Amino acid sequence: MVRCCTGPGQCAVAALWACTGVAVYIQGSSCSASNDSICAQVGACCTGLSCATAFTSGCDAAAGGVFTPNVACTGGGGGTQSMTCCTADFDRNGVVAVADLFAFLSAWLSGSAGTDYDHDGVLGVGDVLAFVGVWTAGC
Ligand SMILES: [Ca+2]
Ligand SMILES: [Ca+2]
């Protein structure tokens, strides 16, 4: 039996074979079903639009993985293609809509580092163009 983390803080003791899909496991024979301290350390590992529940150490940045702690893989096709990893869904409400454009612009105007969409380390017009690009492409 393993401690099977199905999301941030979500834990179930399960057989190893049963801990699959949007879940990761760690050795252990007990856990609390919600608010589990070990499973609280998992988050979403995004590689493109693919989302996997992972520990920080299990998200390979060299392979393009981007780890966000304490976030669950939700929406899309069972975690394999997840709205969690959809950078066009700026307000994280599960759909890509015009509201995301306004939310992005508002955050960009206020200097939020999370709006550096062209990843050059500074906020500029290029970030707006980059965001419009991913927003247009959708998820
Ligand atoms: Ca949205
Ligand atoms: Ca930038």
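What follows is a short dialogue on reading the fold of a predicted model.

Reader: Where do I start: what does the secondary structure of the protein chain come to?

Author: Start by listing the elements. This is a predicted model, and its protein chain comes to two helices and six strands. Read from the N terminus, the elements go β-β-β-β-β-β-α-α. The C-alpha trace spans about 50 × 25 × 25 Å along its principal axes.

Reader: Okay, strands next. What is the order of the strands in the open sheet that includes strand 1?

Author: To read a sheet, write down who pairs with whom. One open sheet has three strands in the order 2-1-3, and the pairing is antiparallel. Strand 2 (10–14) and strand 3 sit at the edges, each pairing on one side only. From one strand to the next, the twist averages 30 degrees. Zooming in, strand 1 and strand 3 run antiparallel and are joined by four bridges. V2, for instance, has Q27 in strand 3 as its bridge partner.

Reader: And which strands stand at the edges of the sheet with order 5-4-6?

Author: That open sheet also has three strands, with antiparallel pairing. Strand 5 and strand 6 (66–69) are the edge strands; each has a single partner strand, so one side of each has no neighbour in the sheet. Ignoring direction, neighbouring strands here are turned by 30 degrees against each other on average.

Reader: How many bridges join strand 4 to strand 5?

Author: Six bridges join strand 4 (residues 42–47) to strand 5 (residues 50–55), and the two run antiparallel. You can check the register with residue pairs: G43 stands opposite A54, while T47 stands opposite S50. These two strands form a hairpin with two residues between them, and G48 there takes a positive phi near 65 degrees.

Reader: What is the usual sign of phi in residues other than glycine?

Author: Most residues other than glycine have a negative phi. So when you scan backbone torsions, check the residue type alongside the sign. Another glycine, G138, takes a positive phi of about 70 degrees just after helix 2. The cases to flag are the others. N35 has a phi near 65 degrees, positive in a residue other than glycine. N70 is a second such case, with a phi near 60 degrees.

Reader: Where are N35 and N70 placed?

Author: N35 lies in the loop between strand 3 and strand 4. N70 is in the loop between strand 6 and helix 1.

Reader: Is N35 buried or exposed?

Author: Count the C-beta atoms around it; 12 or fewer within 10 Å makes a residue exposed. N35 has 12 others within 10 Å, so N35 is exposed. N70 also has 12 C-beta neighbours inside 10 Å, so N70 counts as exposed. The loop between strand 6 and helix 1 also holds R92. R92 is exposed too, because 12 other C-beta atoms lie within 10 Å. For a sense of distance, R92 and C11 are 81 residues apart in sequence and 24 Å apart in space, C-alpha to C-alpha.

Reader: Then what share of the 139 residues is buried?

Author: Buried residues make up 33% of the protein chain. The general idea is that nonpolar side chains tend to be buried together in soluble globular proteins. Here the largest nonpolar core has 29 residues, and C5 and A44 touch the most other members. At least two residues of this core come from each of strand 1 (2–7), strand 3 (24–27), strand 4, strand 5, helix 1 (98–109) and helix 2. Strand 4 gives the largest share, four residues.

Reader: Which residues is C5 in contact with?

Author: Skip its neighbours within four places in sequence, then read what remains. C5 is in contact with Q10, C11, A23, V24, Y25, C39, V42 and T53. For the whole protein chain, take contacts between residues at least 6 apart in sequence: 44% of them join residues at least 24 apart.

Reader: One last check: what span should helix 2 have?

Author: Use the rise per residue. Helix 2 (residues 125–137) has 13 residues, and at 1.5 Å a residue the helix should span 18 Å. Its end C-alpha atoms are 19 Å apart, which agrees.

Notes:
Residues are numbered from 1 along each chain as its sequence is written. Chains are lettered from A and ligands numbered from 1 in the order in which they are written. This is a predicted model: local features need pLDDT of at least 70, side-chain atom pairs count only at pLDDT 80 or more; totals for chains, interfaces and linings use all residues. Two strands pair if DSSP finds at least two bridges between them. The expected span of a helix is 1.5 Å times one less than its number of residues. A nonpolar core is a set of buried Ala, Val, Leu, Ile, Met, Phe, Trp, Tyr and Cys residues joined through C-beta atoms within 7 Å. A residue is buried if 20 or more other C-beta atoms lie within 10 Å of its own, exposed if 12 or fewer, and partly exposed in between; C-beta atoms are placed from the backbone. Two residues are in contact if their C-beta atoms, placed from the backbone, lie within 7 Å. Axes are lines fitted to C-alpha atoms, for helices over the stretch in contact, and angles run from 0 to 180 degrees between N-to-C directions.
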